[in-house]
Amino acid sequence: MKEKKTVKRHLGLRATNAISNSAIHVLLVIISIIWLIPFVCIVLQSFRLELSGPVGYVIPRQWGLDNYAALLRTDFKQWYINTFIIALVNAALQTVIVLCMSYTLSRFRFKMRGALMRLMMILGLFPGMLTMIILYRVLKDLGLTEANAVPGLILVYVASSGMGYYVSKGFFDTIPKSLDEAARVDGATRMQVLFKIILPLAKPIVIYTVLTAFMAPWGDYVFARYISFENPVGMNVAVGMYKWLTIDQISSNYTMFCAGGVIVAIPVTILFMCLQRYYVEGVTGGAVKG
């Protein structure tokens, strides 16, 4: 009798878990569909030919690639190149700075270490909007605005990147310090320990840092517009494409805007999908108290 009751209880738990998992999967599918609807609409509208302004239907009546071809006759290519250069350089420099800062704060104990971490945390609480005026003044004096906005934006993005050490430091804290000590006993330098031992083990957080550093400036609008000051040579895609949504241009450039949005989303989507596993590992591995 006891065995029969145990079997029934086990089957009941399995049935309950199966129903719960099925309900969760159905809910996730519904949420995914709702989340993807705007993106699907943008892709469909980018192929519409019959009207270039907003319409009340989604599926085009006439299909074609004219909107994508029209992008080549605008400044979109310049904006795209500007954005790609900013994102690529920022990803490289910011990754180096963040990882060095995170490794230093995780492995070294020095005077004022705690005060430095608290100071950076407090400064990070203030919105960046508060510094826009003074940053513009400094960049203006250096000649890094309007047509030269690209190096100016790179300078601003990279300058404060060391303050974003939190997640990376948390990941480094999970790597045993005994590995560092063993390598040091064998005669390895600090640089060798970092590059030959720590970074290979910290691959997820390295990729996470590269991804976040690349995606952050990709869609920046407020500060990029403030620095470029409506100069097409220094605009990124977010600032340039926003001009197509003004009242006097949306009726003739809406479908071209959708086409540009698709092209802008392609590299980030591919990069994220290829490295998604490492991104998740980096977030979960770095979300510890150090």
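Me: Where is the place of Leu271?
Reply: Keep in mind that we're looking at a predicted model. Setting aside residues up to four places away in sequence, Leu271 touches Leu211 and Phe214. As for its own place, Leu271 sits in helix 13.

Me: Is Leu271 buried, partly exposed or exposed?
Reply: Buried would take a relative accessible area under 20%, and exposed one over 50%. Leu271 comes out at 28%, so it counts as partly exposed.

Me: What separation is there between the C-alpha atoms of Leu271 and Gly53?
Reply: Along the chain, these two are 218 residues apart. In space, the C-alpha atoms of Leu271 and Gly53 are separated by 31 Å.

Me: Which helix gives the largest share of the largest nonpolar core?
Reply: That core has 35 residues, and Phe76, Leu153, Phe223, Ile227 and Trp244 touch the most other members. Elements giving two or more residues to it include helix 3, helix 6, helix 11 and helix 13. The largest share is 7 residues, and it comes from helix 6.

Me: How many residues are in the other core, the one with Leu99 and Tyr103?
Reply: This core lies apart from the largest one. Ala188 and Leu194 are also among its members, and its size is 14 residues.

Me: Why is helix 6 largely enclosed by the rest of the structure?
Reply: Among its buried residues are Ala149, Gly152, Leu153 and Tyr157. The cover over the buried residues includes helix 3, helix 5, helix 10 and helix 11. Helix 6 is largely enclosed because, of its 11 residues, the number buried is 8.

Me: Is helix 3 roughly parallel or roughly antiparallel to helix 6?
Reply: Their axes are 9 Å apart, and the packing angle is about 25 degrees. The contact involves residues including Ile86 and Val89 of helix 3, and Leu153 and Tyr157 of helix 6. Angles under 35 degrees count as roughly parallel. So helix 3 and helix 6 are roughly parallel.

Me: At roughly what angle do the axes of helix 3 and helix 10 cross?
Reply: Helix 3 meets helix 10 through residues including Tyr80, Phe84 and Leu88, with Val206, Ala213 and Trp218 among those on the helix 10 side. The crossing is right-handed. The axes come within 8 Å, and they cross at roughly 145 degrees.

Me: Which residue's backbone oxygen lies 2.9 Å from a polar atom of the side chain of Asn67?
Reply: Asn67 lies in helix 2, and it's buried, with a relative accessible area of 9%. Leaving aside neighbours within four places in sequence, its contacts include Gln45, Phe47, Arg48 and Met256. The backbone oxygen 2.9 Å from a polar atom of the Asn67 side chain belongs to Arg48.

Me: Is Asn236 buried or exposed?
Reply: Asn236 is found in the loop between helix 11 and helix 12. Not counting residues up to four places away in sequence, Asn236 touches Trp79, Thr83, Pro217, Asp220 and Ala224. Its relative accessible area is 2%, so Asn236 is buried.

Me: Which residue's backbone nitrogen lies 3.0 Å from a polar atom of the side chain of Asn236?
Reply: On one count, a polar atom of this side chain lies 2.8 Å from the backbone oxygen of Asp220. The backbone nitrogen at 3.0 Å from a polar atom of the Asn236 side chain is that of Val239.

Methods: Residues numbered from 1 in each chain as written. Predicted model: local features only at pLDDT ≥ 70, side-chain atom pairs only at ≥ 80, totals over all residues. Heavy atoms only, no water. Core = buried A, V, L, I, M, F, W, Y, C linked by side-chain atoms within 4.5 Å. Buried < 20%, exposed > 50% of the residue type's maximum accessible area, 1.4 Å probe, protein only. Helix = DSSP H or I, 4+ residues; strand = E, 2+ residues; numbered from the N terminus. Polar contact = N/O pair within 3.5 Å; in protein donor to acceptor, adjacent residues only side chain to side chain. Contact = heavy atoms within 4.5 Å. Axes fitted to C-alpha atoms, helices over the stretch in contact; angles between N-to-C directions. Parallel < 35°, antiparallel > 145°, perpendicular 65-115°, else oblique. Left-handed = near helix turned anticlockwise from the far one by under 90°.
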